[in-house]
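Me: Please take a close look at one part of this model. Start with the charged side chains, then move to what lies around them.

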Amino acid sequence: MSTLTILFVRRTGWDLSRVGSMFIRWALPVSRFKWARASHSIVAHNGFAYHATMRHGVVKEPIAQALHGQTVVAQRDFHAPNVDAAIAWLETQIGKPYDWRGAIGVSLSPDRLWGSEESWFCHELCAAALRESGRNLFIEFGHVNDSALLLMEPSNDSKASN
């Protein structure tokens with residue numbers, strides 16, 4: 001079975017990037033009384049990480065570099081009918097800017113459509129990679145956050161695939 005691995009992480013330490021991470025974890029949930037589990041998600045494949053970062057937009061880098069200063073809080077191995085198509089698509093997204101509206105406005109504009117390919121928020125980039133692999137799990141979502149990704153069934157069943 002082919003799988004697409006998504007890592008869910010959050011920052012450690014007390015630098016400026018941790019403040020941004022904490023803000024995202026606070027802004028993502030519907031309720032301000034519960035923090036999101038992760039502030040960032042990464043597609044991990046063959047030792048590389050594909051992810052959307054605040055500083056550089058969509059990047060590909062060695063997984064060890066991407067995880068520096070971060071704690072992995074969860075890993076999901078999603079069944080993906082065509083991993084090669086997902087990775088090829090991710091390669092075309094490298095260099096695209098970070099989607100600040102997705103990161104900051106997720107909880108403020110729930111009617112927002114997440115699939116625009118002009119810029120990417122990390123969780124939405126991961127959802128789009130799954131879509132490109134043949135797993136269109138989030139077709140009816142206005143936005144995708146860590147909870148939406150974490151709650152989706154990693155296996156391919158009829159309820160999750162369309």
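Reply: Arg-131 is partly exposed, at 23% relative accessibility (buried is under 20% relative accessible area, exposed over 50%, partly exposed in between; 1.4 Å probe, protein chains only). The model is predicted, so local features need pLDDT of at least 70 and side-chain atom pairs pLDDT 80 or more, while totals for chains, interfaces and linings use all residues. Residues are numbered from 1 along each chain as its sequence is written, and side-chain values use heavy atoms, without hydrogens or water.

Arg-131 has two acidic partners to look at. The first is Glu-117: the two form a salt bridge, with their closest N and O atoms 3.6 Å apart (a side-chain nitrogen of Lys or Arg within 4 Å of a carboxyl oxygen of Asp or Glu). This pair links distant parts of the chain. Glu-117 sits in the loop between H4 and H5, Arg-131 in helix H5, and 14 residues separate them (helices are DSSP runs of H or I with at least four residues, strands are E runs of at least two, and both are numbered from the N terminus). Glu-117 is partly exposed, with a relative accessible area of 33%.

Glu-132 is the second partner. Its salt bridge with Arg-131 has the closest N and O atoms 3.5 Å apart. Glu-132 is partly exposed too, with a relative accessible area of 28%. Through shared partners, Glu-117, Arg-131 and Glu-132 join into one network.

Glu-117 also leads to a lysine. Its backbone oxygen lies 2.8 Å from a polar side-chain atom of Lys-96. Lys-96 is found in the loop between H3 and helix H4 (100-105). At 23% relative accessibility, Lys-96 is partly exposed. Which residues does Lys-96 contact, leaving aside neighbours within four places in sequence? They are His-56, Gly-57, Val-58, Glu-117, Glu-118 and Trp-120 (contact means heavy atoms within 4.5 Å). Ala-52 is 44 residues from Lys-96 in sequence, and 8.5 Å from it in space, C-alpha to C-alpha.

How many salt bridges are there? The count is 3. One of them joins Lys-60 and Glu-91 at 2.9 Å, N to O. Lys-60 is in strand S4 (residues 57-62) and Glu-91 in helix H3, 31 residues apart, so this pair also links distant parts of the chain. Lys-60 is partly exposed, with a relative accessible area of 34%. Glu-91 is partly exposed at 33%.

Now the aromatic rings. The structure holds 2 aromatic pairs. Trp-120, a contact of Lys-96, belongs to one of them: its ring and that of Trp-89 have centres 5.5 Å apart and planes at 85 degrees, so the pair is edge-to-face (ring centres of Phe, Tyr or Trp, its six-membered ring, within 6.5 Å; planes under 30 degrees apart are stacked, over 60 edge-to-face, the rest tilted). Trp-89 lies in helix H3 and Trp-120 in the loop between H4 and H5, so the pair ties together parts 31 residues apart in sequence. Trp-89 is buried at 9% relative accessibility. Trp-120 is buried at 0%.

Tyr-98 and Phe-121 form an edge-to-face pair, 6.3 Å centre to centre, with 75 degrees between the planes. Tyr-98 lies in the loop between H3 and H4, Phe-121 in the loop between H4 and H5, so this pair ties together parts 23 residues apart. Tyr-98 is buried at 8% relative accessibility, and Phe-121 at 0%.

Next, the cysteines. The structure holds 0 disulfides (cysteine sulfur atoms within 2.5 Å). Why is Cys-122 not bonded to Cys-126? The sulfur of Cys-122 is 6.7 Å from that of Cys-126, its closest cysteine sulfur, which is too far for a bond. Both are buried: Cys-122 has a relative accessible area of 1%, Cys-126 one of 0%.

Cys-126 is also touched by Ile-6. Further contacts of Ile-6 include Val-43, Phe-78, Leu-130 and Leu-149.

That leads to the largest nonpolar core, with 34 residues (buried Ala, Val, Leu, Ile, Met, Phe, Trp, Tyr and Cys joined through side-chain atoms within 4.5 Å). Leu-4, Ile-6, Phe-8, Val-43, Leu-90 and Leu-149 touch the most other members. Elements giving two or more residues include strand S1 (3-11), helix H3 (83-93) and helix H5 (122-132). H5 gives the largest share, 7 residues. A second, separate core has 6 residues, among them Val-9, Ile-42, Ala-44 and Ala-49.

Technical notes:
A polar contact is a pair of N or O atoms within 3.5 Å; within protein, one must be able to donate a hydrogen and the other to accept it, and residues adjacent in sequence count only if both atoms are side-chain atoms.
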